[in-house]
Amino acid sequence: MFARQEETILLRGPTGAGKSRLARWCHTQSNRSTQPFETVDLGSVPEDLQLGELFGWKRGAFTGAQSDHDGLVATAAGGTLFLDEIDKLSLAAQAGLLRLLE
């Protein structure tokens, strides 16, 4: 029942508890099941790249940005974005994510 709601879901539990499997299941049961399912392990993304991975960047925005990059928020538009290890999110990225959720 909760998977069909148009709400943000917070899945909590220790590493290895199956949160990503439950997130995938929720996606397949939702009205968004035909749309993208994107996942990111924020523990593996360096803090200074987290905002860019979530929201993207334009070519030349920083040294090494050779081309435009759509962030995961845009890539998952209309579908589901699963943020694994969200407790590893930098303060700057938390502020950006909060603005998105509001």
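# Salt bridges, a pocket and a greasy patch

Let's start with a pair of side chains: Lys 88 and Glu 85 meet in a salt bridge, with N and O 3.8 Å apart. Keep in mind that you're looking at a predicted model. The protein has 102 residues, and 26% of them count as buried. Here's a tour by topic.

**Overall layout**

- The protein has four helices and two strands.
- Follow the sequence along and you'll read the pattern α-β-α-α-β-α.
- Along its principal axes, the C-alpha trace spans about 45 × 30 × 25 Å.

**The salt bridge network**

- How many salt bridges does the structure hold? There are three of them.
- The general idea is simple: side chains of opposite charge can pair when their charged atoms come close.
- Besides its bridge to Glu 85, Lys 88 also pairs with Asp 87, and here the closest N and O atoms are 3.3 Å apart.
- Those bridges share partners, and they join Glu 85, Asp 87 and Lys 88 into one network.
- Is Asp 87 buried or exposed? Asp 87 is exposed, because its relative accessible area of 56% is over the 50% cut-off.
- Lys 88 has a relative accessible area of 44%, so Lys 88 counts as partly exposed.

**An odd backbone angle at Glu 85**

- Glu 85 sits in the loop between E2 and H4.
- Most residues other than glycine have a negative phi.
- Glu 85 goes the other way: its phi is positive, about 60°, although Glu 85 is not a glycine.

**A bridge between distant parts of the chain**

- Which residue does Arg 32 pair with in a salt bridge? Its partner is Glu 6, and the closest N and O atoms are 2.8 Å apart.
- This pair links distant parts of the chain, since the two residues are 26 residues apart.
- Arg 32 belongs to the loop between helix H1 (19-29) and strand E1 (37-41), while Glu 6 is in the segment before H1.
- Arg 32 is partly exposed, with a relative accessible area of 32%.
- Glu 6 is partly exposed too, at 49%; that's still in between the cut-offs of 20% and 50%.

**The largest pocket**

- The volume of the largest pocket is about 1,100 Å³.
- Its lining takes in 37 residues, and the ones nearest the centre are Thr 8, Ile 9, Thr 80, Leu 81 and Phe 82.
- Which elements give two or more residues to that lining? They are H1, strand E2 (80-84) and helix H4 (91-101).
- Sorted by class, the lining has 18 nonpolar, eleven polar and eight charged residues.

**A nonpolar patch on the surface**

- Phe 2, Ile 9, Leu 22 and Trp 25 make a nonpolar surface patch of about 370 Å².
- You've met Ile 9 already: besides being part of this patch, Ile 9 is among the residues nearest the centre of the largest pocket.
- Where's Trp 25 found? Look for Trp 25 in helix H1, one of the elements that also help line the largest pocket.
- Why can Trp 25 count towards a surface patch? Patches take residues with over 30% relative accessible area, and partly exposed Trp 25 has 40%.

Terms used: Residues are numbered from 1 along each chain as its sequence is written. This is a predicted model: local features need pLDDT of at least 70, side-chain atom pairs count only at pLDDT 80 or more; totals for chains, interfaces and linings use all residues. Side-chain values use heavy atoms; hydrogens and water are left out. A salt bridge is a side-chain nitrogen of Lys or Arg within 4 Å of a carboxyl oxygen of Asp or Glu. Buried means under 20% relative accessible area, exposed over 50%, partly exposed in between (1.4 Å probe, protein chains only). On a 1 Å grid over the protein atoms alone, a cavity is a set of points where a 1.4 Å probe fits but cannot get out, and a pocket is an open set with protein on both sides within 12 Å along at least five of seven lines; lining residues have an atom within 4 Å of a point. Grid points are joined across faces, edges and corners, and a volume is the space filled by probe spheres set on the points. Ala, Val, Leu, Ile, Met, Phe, Trp, Tyr, Cys and Pro count as nonpolar, Asp, Glu, Lys and Arg as charged, and the others, Gly among them, as polar. Patches are made of residues with over 30% relative accessible area and no salt bridge: like charges are joined within 9 Å, nonpolar side chains (Val, Leu, Ile, Met, Phe, Trp, Tyr) within 5 Å. Accessible areas come from the Shrake-Rupley method with a 1.4 Å probe; for residues, only the protein chains shown count as cover.
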